[in-house]
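User: Walk me through this model. I want the core, the sheets, the open spaces and a few single residues.

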Amino acid sequence: MKKTFLLLFFTATCSCSLNAFSDSGKTGYPIDQVAFTSVKIADGSFWGQRIKAARDVTIPLAFSKCQSEGRYENFVKAAHPSKDYKVTGFSFDDTDVYKTIEGASYVLQTYPDKKLTAYIDSVLDVVAKAQEPDGYLYTPRTMNPEHPHSWSGDRRWVKEEVLSHELYNLGHMVDAAVAHYQATGSTKFLDIAKRYAECVIREVGPSEGQAHVVPGHQIAEMALARLYVLTGEKKYLDEAKFFLDYRGKTAVKDIYTQSNKPVTEQKEAVGHAVRAGYMYAGMADVAALTGDSTYIKAIDDIWENIVGKKYYITGGVGARHAGEAFGSNYELPNLTAYNETCAAIAQVYLNQRMFLLHGDAKYIDCLERTLYNGVISGMSVDGGRFFYPNPLSCDGKYHFNSDNTIERQPWFGCACCPSNLCRFIPSIPGYLYAVKDNSVYVNLYAANTSEINVNGKKVVLEEETKYPWNGDISIRIASAKTSDFRMMLRIPGWVRNQVVPSDLYSFADDVKTGYKVSVNGEETSGTLVNGYLVINRKWRKGDVIRIHFDMEPRLVKASERVVDDRGRIAVERGPLVYCAEAVDNGFDVFKFVMGKKPAFTTVERPELINGIIQLKAEGQVLEYDNDGKITAKDATLTLIPYYAWNHRGVGKMLVWLNNGVERLDY
């Protein structure tokens, strides 16, 4: 692989920022997501900073790792197979290339860049040469067919439901190819992906002579539904539905891969949390496109199980390191929580689709919680260091790493999380707005300019806000080709004194927050429907909506059924969960006891970790003296947003704080 490929990219102007992608066909959902390309996040804003970090640091880093870690070399070898090649790495390493191209394509869709386009094109030349004549493209087998990767089996598909990841690779390939096509108009990657998809359709299915298998790691279901929407070719949707309908009917029946029973009989989130989230999102896509109500009933039940019993306060999921899996109901340990970054991304996909199906703000409330806490905790603010697991407590080490420490890493051998962030972060603008008929849903609040199609007529909105640091938002109608539309403003659950849409967590203080909304200076009460304040009026250019959310620090308690959180409280402010980190406190944060009714002060720190707001609260540090007696010393605790921890070295960290002397044993 020639170094000139990387030089082409790194000498690019890097003026390219995020882009969005928009499917040309109908998704089947009753509500339409506003395309990523239609929303421009303000530079320097909270999300503008993160998109810039992904554009300038994360994506170039991922491309460089594809070269240095041998990802490109695998494709070169597959183009020239040899029995002398020793196949190493993981069976899904090809997806690092695909995911990075997908993220770069989102960047290109808004900010075209000829050098970046040429670099991707050169990578695709290498990928194309690795494809076998019948369309099969899986380098762990093709580079050395006589001695393929140990996870691959001796022939195609035989280990798909266990370790081979052949269909997982297909899913990420298709997602990236669709994004690349819509960014560039080139079918170069799309043609490669379609050939592999058609190979799969020929060889995997229910008929005689086909391999009767389903994906061991789901994502192909979402991707094939997306390919159907783009092309209108029903064979892709049919294959996606087969992958779902045939679960529980193959030889492998395993909770780990959610193949223990048919999907329509599943009511609880189980097994590998990333696989599960991708499958549930794929079920929503296929349900929307086919009208299969049994799928919807199943994912409704599963969603209720997650949010009511298996959901961390950070919006993360996956309690167990073993199997990177959901635990039992209410099994939510903190020190050993796994909470893989990819699993949080999967929860965003699921919650967005649940909203598009049902139109209820509770799904966006959960999406927001996961996004601001469980997802961005996985990437440093500069875009160059990462977490794979995201525990809610740290004693200075992590008990499952080979070096027994937990610290943000510049990369991982299993690089699924950094490369997944490459493709996810640039897509964030697509989660801000949605449309149904003449209703415009404002789901997430961020400084941006958007162009929204309302019944075929363009409406331009300009939003100014410093959210999530304060709750003041201004939305101006910059232009409108129609005056006849309803504004649906999400009033977050945390404003309405609801932590999550279940009894898993609740506020533990007597603070009462509220909100105010005005149009052109006149306060309006509107009508609250499914968590949205509905404003129905004749809109004109220049109209301004002003929103104020009370943004006070709040104490949160968990259900008594969560054993690990008994006698503890957590602190939130707005959508952000806070934590105590050793570097900010001159005492052991594990021994700090929060007062029953603490008075919080907020401290703006624009120079710290890209600018944050700290919280300070009074309490006491309890310790044993030389005589073995407990002593109490007054202390001020400093807290920072959870996503910002571990930017300043390794040390103790705590989300769930002691709220009584009975819990000094963490």
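Analyst: Short questions and answers on this predicted model follow.

User: Which helix gives the largest share of the largest nonpolar core?

Analyst: The largest nonpolar core holds 226 residues. Those with the most contacts inside it include Tyr280, Phe424 and Leu489. In soluble globular proteins, nonpolar side chains tend to be buried together. The largest share of this core is 13 residues, and the helix that gives them is α12 (residues 273–290).

User: Which residue of β5 is the bridge partner of Leu489 in β9?

Analyst: Strands β5 (residues 439–442) and β9 (residues 484–490) run parallel and are joined by 4 bridges. Leu489 touches residues that include Ile475, Val517, Tyr532 and Ile547. Val442 is also among its contacts. The bridge partner of Leu489 is Val442.

User: Which strands lie at the edges of the sheet that holds β5 and β9?

Analyst: That sheet is open and has 6 strands, with mixed pairing. The order is β1-β4-β5-β9-β14-β13. An edge strand here pairs on one side only. The edge strands are β1 (32–33) and β13 (527–529).

User: What is the strand order of the open sheet with antiparallel pairing?

Analyst: This sheet has 7 strands. Its edge strands are β2 (39–41) and β12 (522–523), each of which pairs on one side only. Strands of a sheet pair through backbone hydrogen bonds, either parallel or antiparallel. The order is β2-β6-β7-β8-β15-β11-β12.

User: Which residues form the uncovered face of β6?

Analyst: In a regular strand the side chains alternate between the two faces of the sheet. Strand β6 spans residues 448–454, and its covered face has Asn448, Ser450, Ile452 and Val454. The uncovered face is formed by Thr449, Glu451 and Asn453.

User: Which residue of β6 stands opposite Ile41?

Analyst: Strands β2 and β6 pair in the antiparallel sense over 3 bridges. The residue sought belongs to the covered face of β6. Opposite Ile41 stands Asn448.

User: Which residue takes a positive phi in the hairpin of β6 and β7?

Analyst: β6 and β7 run antiparallel and are joined by 7 bridges. Asn453 of the uncovered face stands opposite Lys458 in β7. The hairpin has 2 residues between the strands. The positive phi, near 50 degrees, belongs to Asn455.

User: What is the bridge partner of Glu462 in β8?

Analyst: Strand β7 (residues 457–465) pairs with strand β8 (residues 472–480). The pairing is antiparallel and runs over 7 bridges. The partner of Glu462 is Arg476.

User: Which element gives the largest share of the lining of the second largest pocket?

Analyst: The second largest pocket has about 420 Å³ of space. Its lining counts 18 residues, and those nearest its centre are Lys466, Trp469, Glu604, Gly611 and Ile613. Two or more lining residues come from each of α2 (46–68), β20 (601–605) and β21 (612–624). The largest share, 3 residues, comes from β20.

User: How many residues of each class line that second largest pocket?

Analyst: The 18 lining residues fall into three classes. Lys466 and Glu604, both among those nearest the centre, count as charged. The lining has 6 nonpolar, 8 polar and 4 charged residues.

User: What is the volume of the largest cavity?

Analyst: The structure holds 7 cavities of 30 Å³ or more. The largest is lined by Asp365, Glu368, Arg369, Gly493, Trp494, Gln498, Val499, Gly574 and Pro575. By class, that makes 3 nonpolar, 3 polar and 3 charged residues. The volume of the largest cavity is about 70 Å³.

User: Is Asp56 buried, partly exposed or exposed?

Analyst: Asp56 is found in helix α2. Its C-alpha lies 8.1 Å from that of Gly383, 327 residues apart along the chain. Buried would need under 20% and exposed over 50%. Asp56 has 25% relative accessibility, so it counts as partly exposed.

User: Is Gly651 buried or exposed?

Analyst: Gly651 sits in the loop between β22 (630–641) and β23 (652–654). Gly651 touches Cys394, Gly396 and Ala582. Its C-alpha is 5.6 Å from that of Ala582, which is 69 residues apart in sequence. At 14% relative accessibility, under the 20% cut-off, Gly651 counts as buried.

Conventions
Residues numbered from 1 in each chain as written. Predicted model: local features only at pLDDT ≥ 70, side-chain atom pairs only at ≥ 80, totals over all residues. Heavy atoms only, no water. Core = buried A, V, L, I, M, F, W, Y, C linked by side-chain atoms within 4.5 Å. Buried < 20%, exposed > 50% of the residue type's maximum accessible area, 1.4 Å probe, protein only. Contact = heavy atoms within 4.5 Å. 1 Å grid on protein atoms, 1.4 Å probe; cavity = no way out; pocket = protein on both sides within 12 Å on 5 of 7 lines; lining within 4 Å. Points joined across faces, edges and corners; volume = space filled by probe spheres on them. Pairing = 2+ DSSP bridges. Lists of a residue's contacts leave out its neighbours within four places in sequence.
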